[in-house]
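Work through the exercises below with the sequence and the model in view. Try each task before reading its solution.

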Amino acid sequence: MPSPKVRNAKWPQKPIDPFLLAAMERQSTQPAAPADARTIIRRLHFDLTGLAPTPEEVEAFVEGSSPAGNRQSAIAAAVDRLLSSPAYGERWARYWLDLARYVDETASWLEKTTSAHLYRDWVIKAFNDDLPYDQFVMRQIATDQMGLPPQDRHALAFLGLAPTYWKELQLPPDIIKATVADEWEEHVDTLSRTFLGLTLACARCHDHKSDPITAADYYAIAGVFASVRHAEVPTMGDEFWLPVKKARESVAALEKERDELKKKKPAPADLTNQVAAIDQKIAGLKTGTPHFNMAMATAVEDAALFVIPAANNKGTVLDFKPGQARDLELMKRGDPNKTGDIVPRRFLSAFPAKDGQPRRFTTGSGRLELAQAIVQEAAPLTARVMVNRVWRHHFGRGIVDTPSEFGLTGDAPSHPELLDDLTARFIKNGWSIKWLHREILLSAAWQQSSLAPDSEKRDPENKLFARMSRRRLDFEAWRDTTLACAGTLERSMGGVATPLTSDKNLRRTLYGTVNRHELEPMLRIHDFPDPAAHSAARTETATALQMLFSLNSPFLLAQADALVARMEKEAGPMLNARVTRAHAILFQRPPTAKELAMATGFLTGRETDKKAWSQYAQALLASNETQFVD
Amino acid sequence: MNRRAALQSLAGNSLLLPGMLCELLGEDARGAGTAAPALTDPLAPQRPHFVPKAKRVIYLHMSGGVSHVDSWDYKPRLVADHNQPYQVPRKMLEAFAENNRSPVKFYKKPVWDFKPRGQSGLWISELFPKTAECADDLCLIRSMYNDHADHAQATLGIHTGSVNFTRPSMGSWVSYGLGTQNANLPSFMVIAPVLPYSGAQVWASDFLPGCHQGTHVVPGPNPVPNIQRRLPDAELQAMELGLSAALNRRHLLARGNDPQLAARIRAFETAFGMQAAAPEAFDLSKESDATHRLYGLERGSTKGFAWQCLMARRLAERGVRFIELIDTGASGNWDSHGDVGGDHGRLARNVDGPIAALLKDLKGRGMLSDTLVVWGTEFGRTPFNTAKDAKGREHHAQAFTCWMAGGGVKGGISYGETDEYGNAVAVNGVHVHDFHATLLHLLGLDHTRLTYRHAGRDFRLTDVQGNVVQDILA
């Protein structure tokens, strides 16, 4: 696409800039001035890693980016440094996990998710490795059918972690069918909103009112999910797995034998010996079988589900037929008990393949063909949705501001040609998300100041991107930064989730346990999305419960104490030096004379009182300047 | 410099935080919740669609499924045909446990006697003798039905209108529709000793902004999380807040007038107020002995439904918009498969007196006319059972009773009827969506217009259904 003509030819730095500038010039608006170096480095660190820069990183950047001629290369170097830091994947994985309604634990009466964290770690690694986005998409739908090593099966938890609903099998099939149909709908909803930015679930009951999506399209896709079931699958090849499987079955049988033996009445005379003998056999199997503790992936496997009456009409049976697939009948107004014609599994009719017809799904459940269609026939849409998501995280506003809703009921794109151009180049550059970050972060647009009174007045929603939108940190970034600034952040990556409520939990927030049934209140009050459904964007609220957390929670109090200890250690006993250090750690700048006077006023007469210092530290940690990025 | 002077110098001349500064400086001139909320406050009072009859709701949820035929729905035929055989329709049979599926069941007479009550002569059983004294204030809806006969789903149904999907709770919808009258307390509060079926999803705001979610209050010394001031002395905290306010004010002034920044400053102010307002609301020491006696609450106790009911009245007085009390939780509840007489009897003794006390207390204070009290449960229980000696009853979503009282409903009436045995709705069925539509109507909200755009469409509490039950409106 040709670059639009602009009057201010000096301003653009990257191809996105002329598109934005041309629109501004049409509205007689000027871009905001470039942000200063301290603002840029703070913004950059939060955008890419979700953590504040250290004072040393700030000073090095400030030095490296002057004179002005060095600025762009200093930014490029910082972007490279941050994109190759592991913290980058941790930050961007969490955005993805919101879309994937990621959880570590589900309700006790539903299917267990024993190894969800391995999916979370897979996503982190995918971002850090810059796995091409088309691959990233396909693997989460069908990695087991792509000839990839079995270790990659953790990717399937995108499907395997779908919510399930309780099915009381004593109830008749017409009730259970409705529950199962709701589960299929959840799959279709999350898949279509995450990858395609389409609300396909609307078409369960009727043809989509505003988009070219029919009810038949819905059932054509839902059939794929009627042909899979949740399964824990091995992450090594059969040569390792089959012996492990056999050994695990033997262990289960032995454990059962032992438990029954223990229950026997009267107890056999040599019970202790018998139990010991069984335990020895179990231990032998566990240690003698290579990879006995092999991780299992929370995944799906192909198996068609039929909901049928039990024998003698006593309730319902979920009849899974492994390896088989099924096409669904169209359900009138979404009611599984009022069915119409069978709809063969296929991709959406709005995205025909080369032969003019939507791709048919004929291999197994059709997961692989579905995945292929998403990144081939629907590539322009699929890529556009992801480009817009990344854009939105960098600018605080999307080109389409309803990131999972690209249909006609969603927000119209503010800069359609820009989105087209960036998407085309994203695909051309191998669907590389790191390439996309560089295109955006090195642009003049992204480097604008957030202070632009004229633009704020004329365009409060910042649809023209004629300034940077001021953004609030999400809870993860705020908690992580609090820990990092206090010097207590524990940086080990990955592994099993641990509860955030524990005062020993000093890891990044994305490693805190998320329970779908009972979301941790600390997360709930801080706008963490409900993990029972795809979340396109977080709702931002400022509530009293959040502020009570800032004022009185043991977490923030402990971190305030730790920050004081760090100030003392790094800046010595003098008040001015400590306050200066605190501003450098938290705000990446020295305090003003007024701020020094305020601190002095607050601490006068209490300079040696640790509690007073802790209050001072807490006020800084809870302040707006800590929580917002200019 | 003394503390007060320090504070003056830190926070003086603030234009943004007059309310906060008043309190910080001990010059509190305003009553609870009278501060004008900022324009950006998502909890600011909203204008209803039309003039409301009720300003707030107290919803009493009995967890587990209360037997309608033993309480509010008098079926003399059950007495006459006690232990007479009943051929259960095949569909209904499948709702029974496997070992309980013989097609011939036996009608079971109510465990408690019924008699007409009050001037209205509503028939109510001896299970709830004290609430029955308020019969002339009650509007019994005897034709309720729900979409599911399992606890988890039915509980979600009565709260959110959806038995499977995650949807906002009715309390969240009301908070979203009307905002709050007291900025120092949450708009939607749930007092529940333990988690109900479906857990916190019952009061979740889901796609509505998070400030509309229910604040879960657990009876006991720490009802609201992080509410306890950690500093020993309010003045110390005031100094710290003064510092915070000053920092935030300087930050804001350097950035024009960003509503997000202002909203957070305002929320700090609310939190500061809540530290005082919430403990004050939860402190019963100033309630008289007579009030304690009325509710049947021992002084100093936080136990039982009596504490929950008295707390509901106090929160209602303080402007909380939607107050939900959950009796028991996901176990040890009204789910009386084995022994209705024993279980229902024991549980009713815990709630009956306090519910009656709540109605009388609200009425005595002139609050019943604009407070809608709703009593509900997720489903009823079967009028029959498998064996002649069976003492329990099974789940029954096809027909059950809820009631409303106060704000805008007719008192002393019953609406809808079940058949002569209480098996199925016979006249004027009220689906959960109708129930919700009516509740919103009483608050001045049109359920078809109270919408929120999410995932490409406008969602409502009542999905695409629901009719206001006009006949019960006063």
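A residue is buried if 20 or more other C-beta atoms lie within 10 Å of its own, exposed if 12 or fewer, and partly exposed in between, with C-beta atoms placed from the backbone. Helices (H or I, at least four residues) and strands (E, at least two) are DSSP runs, numbered from the N terminus. The model is predicted: local features need pLDDT of at least 70, side-chain atom pairs count only at pLDDT 80 or more, and totals for chains, interfaces and linings use all residues. Residues are numbered from 1 along each chain as its sequence is written, while chains are lettered from A and ligands numbered from 1 in the order in which they are written.

**Exercise 1.** Find which residues of β1(B) are buried on each of its faces.

Solution. Step one: locate strand β1, residues 56-62 of chain B. Step two: on one side, R56(B), I58(B), L60(B) and M62(B) are buried. Step three: on the other side, V57(B), Y59(B) and H61(B) are buried too. Seven of the seven residues are therefore buried, so the strand is largely enclosed by the rest of the structure.

**Exercise 2.** Name the strands that pair with β1(B) and the sense of each pairing.

Solution. Strands pair if DSSP finds at least two bridges between them. Step one: β1(B) and β10(B) run parallel and are joined by seven bridges. In this pair Y59(B) stands opposite V374(B). Step two: β9 (residues 322-327) of chain B pairs with β1(B), in the parallel sense, over six bridges. Here V57(B) faces F322(B) as its opposite residue.

**Exercise 3.** Give the order of the strands in the open sheet that contains β3(B), and identify its edges.

Solution. Step one: the order is β2-β3-β12 in chain B, with antiparallel pairing. Step two: β2 (85-87) and β12 (384-385) pair on one side only, which makes them the edge strands. Step three: three bridges link β2(B) to β3 (residues 104-107), and Y86(B) stands opposite K105(B).

**Exercise 4.** Why is helix α6 of chain B described as largely enclosed?

Solution. Step one: the helix covers residues 151-160, and because ten of the ten are buried, the rest of the structure largely encloses it. Step two: its buried residues pack against α7 (170-178), β10 (371-377) and α13 (432-442) of chain B. Step three: after the helix comes G161(B), with a positive phi near 85°.

**Exercise 5.** Compare the span of α11(B) with the expected value.

Solution. The expected span is 1.5 Å times one less than the number of residues. Step one: α11 (residues 304-317) of chain B has 14 residues. Step two: from first C-alpha to last the helix reaches 21 Å, close to the 20 Å expected. Step three: twelve of the 14 residues are buried, among them W307(B) and R313(B).

**Exercise 6.** Describe the side of chain B that touches chain A, and then the setting of G256(B).

Solution. Residues are in contact if their C-beta atoms, placed from the backbone, lie within 7 Å. Step one: the contact takes 57 residues from chain B and 59 residues from chain A. Step two: α1 (3-11), α4 (90-93), α8 (234-253) and α9 (259-282) of chain B each supply at least two residues of that side of chain B. Step three: G256(B) lies in the loop between α8 and α9 of chain B. This glycine is partly exposed, with 14 other C-beta atoms within 10 Å. Step four: leaving aside neighbours within four places in sequence, G256(B) is in contact with P453(A) and E456(A). Step five: by class, the side of chain B that touches chain A has 27 nonpolar (Ala, Val, Leu, Ile, Met, Phe, Trp, Tyr, Cys and Pro), 14 charged (Asp, Glu, Lys and Arg) and 16 polar residues (the others, Gly among them).

How values were computed. Two residues are in contact if their C-beta atoms, placed from the backbone, lie within 7 Å.
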